[in-house]
Amino acid sequence: MARRKAAVEASVPRTSRKRDLPIDPYELPDENETPRRRRRLDATGATDEGTNGENVADHEDADPFPKPSPARRPGRPPKSTAAGPPNGQATTPSARKQRPPNETPIKLNGIDTPSKRNIADRSARKKSARAIIDRVIGGAVSDDEVEEGDIAREIYESSEDEEEEADERGRLDGDQEPTTPSKTPGRKRRVAARKRSPTPPRDLPAHEQYFYQNRPGLAKTSNNTLSSLSLLTHDEYFSIFRKLDNPHAADVEFLQSLHAESFPQWAFELSQGFTTCLYGYGSKRRLLHNFATYLSSQNPTHTIVIINGYVRTLTTRDILSTLTAALPSFSSPGTGGSSSGAGSNPSNTLQSLLSSLSTTTPQTTVTVLINSLDAPPLRKPATQTLLSQLASHPQIRLACTADTPDFPLLWDAGLRAAFNFLFHDCTTFVPFAPCELEVVDEVHELLGRKTRRVGGKEGVAFVLRSLPENARALFRLLVGEVLAAMEEGQQGEEVAVEYRMVYNKAVEEFICSSEMAFRTLLKEFHDHQIITSHKDSLGTELLSLPFRKEELESILEELMS
Amino acid sequence: MAQYEGDATQFEEDDHRAAFIFNRKADGDSAGQSTRPAKRRKVARPDARKPQQTSAVEPVFPPLFNGGESPAAARLRKELFETAWPILETRIKQVLREANRNTLDEVTSFLHQAAEAETGKITAGFIITGPSIASQDLLFEQLAERLCTASQPRFVRLRASEAPNLKVALKKIIQDATARAPDAGDDLNAEVSQGGRKFLNYDLEALHVFLQQQRQRQRQRQSRRVVVAFQDSEAFEGALLTDLITLFHSWRDRIQFDVLFGIATSVELFEARLLKSTARQLYGAQFDVVQANSVLESVIKSAVAGTHATLRIGPSLLQNLVERQHDQVAGIQVFISSLKYAYMCHFYANPLSVLLAGDGRMDQRLVQPEHIEAVRTLESFKAQVEAAVQAGQLNHAQSLIEDDEYLVAQILQQGQRRREDLLHLLRALHLVTSTGLATASFVELYILALSNGIDIDQSSGTIPLEDAVKRLNPGEFLALIGRLSDAIQNGSPELGLDGWEPDAEEFVGSLTDIQDEVEGLLERSKSNGTTLKSKYSAQSKVLRTTVVSQKVQLSQDTATLTEEDKAFTNAIDTLLGLLSQNLHCDPIANLFLHEVWVFDWKSPYRDVFVPRPGATFARALSRPHDYLACACCAKADGGLAPTLPTTAILYHLYFEAGALVNVADLWSAYYALVGEETDVGLDERSALVFFYRGLAELRMMGFVKQSRKKADHVAKLNARRAARNPAFDAKLSQMALKLAPLVQLTTGAVHPDFPRTLLAFWLLTDDQLDGLAHFYHQRTPCHWTEQYPCPVTWPPGLSLEEKRRKLGKFIGLRGCDTPIGALVAGEVVQQLQRSEEQIREEAERRARVQGNGSGDDVEEVRRKMGWYY
C-alpha cells in the first residue's frame, strides 16, 4: 500500500510544480536564453525530477535531444506554445499577470527581506542551469562531471522547489487575509523542504519518527476525492451495521471479564476517598455499568448516580438535579433553597447540597459514576471544578472513565489533588458507537459535509418551494454569487460572499427594497440551515452555503428551470 | 452484542440519558448474574451477606490464595488496614497544621495590628506559598478557620478560575461574605431587598447593608471587616486585581476590606503587574510558608520513618516518591495519597500482611496451610534457612522446612523481633542525625539505612562517620557526647521515639566515662599550657620556620604527642568502637519475614499515579494483540494486518501519512487491505461502515480534525500540537537537520554513534564523544589526524561542552569554531572597564605569577570565561 501511495504522491505534485514554474515572479528572463534552450532546460528538469534513479537521469542528460516521454507529461502542450513566441511571458496564464509582483507585502514582511542568500542562490541556480544545458549540448561527459552535474542539478532543483513553495505561500497569504502577518516565517519551511521525501522511512527511532511526523512544510497529498464513493446515510449505516459481526467479540468479552475482576479493588479504592479513573482505548460504558451492578449487589442500600458525559445535552444542572433527587433527605431544604434564588447558581446549589449531605444523619454515601469525563459537555473548567468539589467530599465517591489520550490536560495540580485520582488502564476495544459517538455525523463533519441540515439538494428544493417568489430569487442570486466566487477562488477553500454585496445586488434586482426585508428573507434560510453566516476578522459579515460545488450547480439548474 | 440481548433494552434507555439514578432492581437480577464472571460471583456471595448485617457500608477484601483464604483472615487484614492508616493520617494532619501554624499566627496578628493602625490603606498580606497550588488549599482553609474564629470577619476565598471578570468576582465576594454567616440562612433575601430596594448582586452596597444589619444584631462585635483571599494571585488578570483593589479602596470608609494574596513566585514580580497607583493603596507585609521540602521531611519523619508506621515503605519506593516530589511540582497531598495507596496495596493484596496483627488478634487458627506455604516461598525464608545451615543449626533449619507447628511459632515470634529491630534502627538513625556529622539529610539517611543498613566504618560503611569523629577537637568531642546522651534521654518526638536510657545503660555509662575522662584531660592540658589534641587532629608533621641570616629556613618537625594527647586519642577510639557497635544495623532485606511488613513495589504506584495514557492508547492501537490475545492478529506483531480492529488499521495508516491525510486515499488503502479480493473479504459497503466507525473514533480521540485546505482531507492533530508555536517549530526543524556522516579514513566506516541529526549531536554523551574522537583519529594524534577536513585537538580533561564544540567543529557545524573572537572581545571589554590602578595591579600580579611559571594565557582566559570556553 505504501508503495502505491508513494507513487501517487510522487507523480502528482511534480506536474503541478511544472505548471507553477513559469509563473514565478522572480524568474529572471535570461537574455541568453533562446526559446529552444529554454525548452530543453524544462525538459531536462522534468525528466530529472520524474526519475529518481540517477543513472537514468544521467543517461537522459547525455542525450542531446531529450524527448519528453509522453506518458509522463500528458497535459503539456500549453508549455510548448508558451515557449513558441519570443516573448514567452506574454502567454502565461492571465491570473498571475494581473497580480503585480509587489502585491504581497506579507511575503516581504514575513519572510526575511530577499537576502544575499536568496540572490546568491538564484545566481547559483542560473549558473547551474547553464551548466546543465552546456553539458547537454556538449554531449560527452566525464566521470567527474557526472558528479558536478549532480550538484548543479541539485542546486537547480532545490531552489526551484523553494521558489515554488514561496510562491504558493505568497499566493495563499495574499488571498486569504492580507492583514494577518502572523504566518510562520517562511524561511524555516523552506530550509526543511529540501529533505522531504515522499516515502515514509521504516524503523525509525522514536525521536526521528517524531521529526518525520512533524516535518514542516506543506504535505503533499494526492488530489483524489471521495466523490466517486457514495457516502453512507444513517439508515444504510445502521442496517449494515446490524448485520456485521465483530470477529474479536470473544476476545473483547474476555478482556472485559479481566477488568471485571478488579471490581472489589476499585470499590475499596473508592471507599478510601480516591477517585478511580479508567482510561484506555474502547468504550468503558458497559464496564462502568457492570461496576454499578456490582456495587449495588454488594450493598443494595447504596445510592448510585450515573452520569453520561457523552450525551451532548448534558449540563451541570442535570448533574446537580439528579444528585439532589438521589438524596431524599435533601429534597426539602433543596427546593426551599432554589426558590430563594440560590438554585440559580450551580456552585451555590452544590454548596448547599454538600453541606446538607454532611449534616444529615444517618450518613449516606453516594457513588457517582461518570462516563467519559473528558467528553465535550464536561470539558469546561467550571464543570471540572464542580466535579472536583464533589469528589473531595468524603461522602461522595466518584469513579469516572476517560476516552481520549489527552485527558490529563483537563486538570491542573489543584484540581488533580482535589480529585485524588487513581488511574487504571482499562483498554476494552469495545466500539464507542452508537452511544458515545454518532459515527455518520462525525465522519461527515470531518469531511466537511454538513450533516445537521436539510437533506441536500432535495431538501433545499423542498424548502424553496414553500417560500415566496422573491425568496427563491434571492437564493438563486446567492447560489450564483457563491458559484462565481468558487470559480475564482481556490479549491477547497470555504467560499463566502459579502453580505453587503449580496444585499446591493438584491436591491438592484428588485428582490427586496429594504435591509429589513432582506434580513427577513435570510432569516428564513437560516432557520432551514441552508445558509451559514459568519464574520471575518475585520468584522465583515460573510454568507456562505453549506453545499459542495456539484450540489450547488444542480440546485442552480433546478432554480433556473 | 449478542451476550447482552437479555438486558439490551435497559442499556439502550440508560445510555442516552444524561444523568440518572442507577436502578439496582432492574439490573440486580438479570444483568448481575449474566454479566459478572463466574469467579467473582462465587467469592462475592458469602461475604456479601455478612457485611449487610454488621457494617453495611464498606466493601470487604476478597479472599486471596485463589479464594482459599479464610474470611476471618481477610477481615483481619481489613481491620489491620483500618487501624494502621488513621493513626498515620492524624499524625500527618498534625504535622501539616504545625507547619503552617507560624504563618497563620503571623498573618492573623498582622491583620489585627493593621486594623488598629488605621493607615488609610488596604491591608494586604502577601503569602509566599511556593509553586504548588495544590497545597495552597489547605493553607487558606486553615486561614479561613483561624480568622473566622478570631475576630469574626467575613472570609472570602477567590480563585482565578472562579473570578474571570470584575462582575463575577464581586458577585462571588458578596455571596460568600453574606452566606458564611452562621445564622444568616433565610435573612439573606430580606436583606438584599431591604427597604423596598433590590440590590444588584454585584453591588457592594448589598454587602454594606448586610454588614450593618449584622452589626446591629450583635452589637458587641465589630464585623465591618471582610477578608478577601486571592489564592492563586498570579493567575488573576492584572487589570482585574487593579480594579478590585481600587474599588475596595473607595469603599474603605464603609467596609473594611483586607486582602491576602497567595503568591507562587515573588512579591516583586507580583507588584510589577499592578499599577503603581494601585500598589500605593496597599499596606502590606510578606509571609513565608514553610517550604515544601521541609514539610516533606517532617511528614516522612513522622509518618514513614516514625515508630507509628506499621508498614515500612521500602527504600526504592521511598526514593522514588521523594524524587517525584522534587522533580514534579506535586503537592504534599500527592505524597500522602501515595503513602496511603501503598498501605492499601499491602493489606489488600498481600495475604501475609495478616501476620502483622498484634498478639491479641493473631492466633494459631488464623494461620492457614496456604500461609505457611507462602512463607516457605519467601526469599527471606530461604536466606534464613541457609544461614541456619551454615551456622550448623541443622535441626532448626529442618524444622523450619518440615514442621508447620514450629514454623508458625517462629512466625508468631517475629512480631516482637520486628519491633525490636525497627526500634534499634530508628534509635541508631536518631543518634546518627544527632551527631550532626552526617552530611546527608534525614530522608537520605533513612533510605540508606533501610537499603544498606548502618555502618560507620570509613572505607566500607554506608554512613562513613569515622573520619569526622576522628577530626574532632576536644571541645567538639565533648559537645558530641553531650548530644548523644541528650538524644538517648529525650528520644525524638517527631519520630515517635521515647527516651531509651534504661535500655542503653551500658552505652550511656561508657559515654559518661569517656566524657569524664576527656574533661579531666582537658583540665590537665590547660594547666600544662598545651592544647589537647589527638593523633588524628594534630598534624604529625609540622612545618617550622626559622630565620637564619635573613633567609627563611623551612624544616619539618614531628610533633610529639603528650600523654594527654595519647589518652585523648584513646578516648576517641573507644567512642568510635562504641558507636560502631551500637549503631550497627542490618539492611531490612536481611531480616526474616521482612516481606510481611515492607512494601517496596514501584509498579502499581507509578501506573496508578502517573499514568501514561498516550503510550497506552498508542500501544492498544498499534499492537492490539497485546490486549486481545486473539489468534488472528498474533502474527501482525506491531505491524499492519487486515484482521486488526478497524481503528488500529487506520491508526497505522495514519502514521504513514503526513500532516494532511487524504481520506480518499486512506479509504482506498483500507479497502485494499480488507476488501473483497483479500482474506477478510468485506464488501464495499460493509468495509465502509467499519471505515466510518474507525475514522469517527480517531476523530473522537483527537487524532484528526477537519481540514479546509483541500477537499476530503483531514489534518493530523496530535502530532502537530507542540509544533504550533512558531519558535518551537523553528527549533524542531533545526534540530531535525540531517548531518552527513563522516567516514573513518582507514576503513571507510561510519561510527555507530555518529549523530544523524542535529538533535542527536546535542544528545551525545561524554563517552560517545570520546569514542567518536578516538574513532576519527582525533584523540591520539597520528598521521591520519591531519587528513580530516577540520582536525581538532583533543587534550585530556575537556569538559563535556568543550568536547561537543570540538566535535561540532570537526564535523563542520557552523558556530563551533574556537571562540577566539568572543574571548578577545571579552578581554578587551574587561580591560576597558578597569581603571588604571587595576591594570597596574593586574600587571604586577601577573608578573608575580609568571615568576612561578604558570603563565598560561589560555588557562587564564578559560578561567575568566567560565563555562564558555
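# A guided tour of chains A and B

Select H371(B) to begin: this histidine is buried, with a relative accessible area of 1%. The model on screen is a predicted one, and the values quoted along the way are computed from it. H371(B) belongs to helix α15 of chain B, which covers residues 369-376. If you now display the surroundings of H371(B), leaving aside neighbours within four places in sequence, you will find it in contact with F65(B), E69(B), A73(B), P351(B), L352(B), V354(B) and L366(B).

**The buried side of a helix**

Next, select residues 442-452 of chain B, which make up helix α19, and colour its buried residues: F442(B), V443(B), L445(B), Y446(B), I447(B), A449(B) and L450(B). These buried residues pack against α12 (292-305), β7 (312-313), α13 (315-327) and α18 (404-435) of chain B, and it helps to show those four elements together with the helix. Just after α19(B) comes G453(B), whose phi is positive, near 80°.

**A salt bridge within one helix**

Move to helix α4 of chain B (residues 71-117), where K78(B) and E82(B) lie four residues apart, about one turn of the helix. The two form a salt bridge in which the closest N and O atoms are 2.6 Å apart. K78(B) counts as buried at 10% relative accessibility, whereas E82(B), at 35%, counts as partly exposed. A further set of residues to select is R312(A), E442(A) and R699(B), which are joined into one network by salt bridges that share partners.

**Two salt bridges in chain A**

Stay with R312(A) and E442(A), whose side chains meet in a salt bridge of 3.4 Å, N to O. This pair links distant parts of the chain, 130 residues apart: R312(A) sits in the loop between β2 (303-308) and α15 (316-326) of chain A, and E442(A) in helix α20 (residues 439-446) of chain A. R312(A) is exposed, with a relative accessible area of 57%, while E442(A) counts as buried at 9% relative accessibility.

Then select K505(A) and E481(A), which form a salt bridge with their closest N and O atoms 2.8 Å apart. Here too the pair links distant parts of the chain, with K505(A) in helix α23 (residues 499-508) and E481(A) in helix α22 (residues 469-488) of chain A, 24 residues apart. K505(A) is partly exposed, with a relative accessible area of 28%, and E481(A) counts as buried at 15%. Over all chains, the count of salt bridges comes to 18.

**A negative patch on chain B**

Return to chain B, show its surface, and select D513(B), D516(B), E517(B), E519(B) and E523(B), which form a negative surface patch. E519(B) is found in helix α22 of chain B, residues 505-528. Because residues must have over 30% relative accessible area to be counted in a patch, E519(B), partly exposed at 37%, can belong to it.

**Stepping back to whole chains**

Finally, zoom out and select each chain in turn. Chain A has 25 helices and eight strands, and 47% of its 561 residues count as buried. Chain B has 36 helices and 13 strands, and 48% of its 869 residues count as buried. Among contacts with a separation of 6 or more, residues 24 or more positions apart account for 75% in chain A and for 66% in chain B. Chain A exposes about 27,200 Å², with carbon and sulfur atoms supplying 55% of it, and the accessible surface of chain B comes to about 42,900 Å², of which 51% belongs to carbon and sulfur atoms.

Notes
Residues are numbered from 1 along each chain as its sequence is written. Chains are lettered from A and ligands numbered from 1 in the order in which they are written. This is a predicted model: local features need pLDDT of at least 70, side-chain atom pairs count only at pLDDT 80 or more; totals for chains, interfaces and linings use all residues. Side-chain values use heavy atoms; hydrogens and water are left out. Patches are made of residues with over 30% relative accessible area and no salt bridge: like charges are joined within 9 Å, nonpolar side chains (Val, Leu, Ile, Met, Phe, Trp, Tyr) within 5 Å. Accessible areas come from the Shrake-Rupley method with a 1.4 Å probe; for residues, only the protein chains shown count as cover. A salt bridge is a side-chain nitrogen of Lys or Arg within 4 Å of a carboxyl oxygen of Asp or Glu. Lys and Arg count as positive and Asp and Glu as negative; His and the chain ends are not counted. The place of a charge is taken as NZ of Lys, CZ of Arg, CG of Asp or CD of Glu. Helices (H or I, at least four residues) and strands (E, at least two) are DSSP runs, numbered from the N terminus. Buried means under 20% relative accessible area, exposed over 50%, partly exposed in between (1.4 Å probe, protein chains only). Contact means heavy atoms within 4.5 Å.
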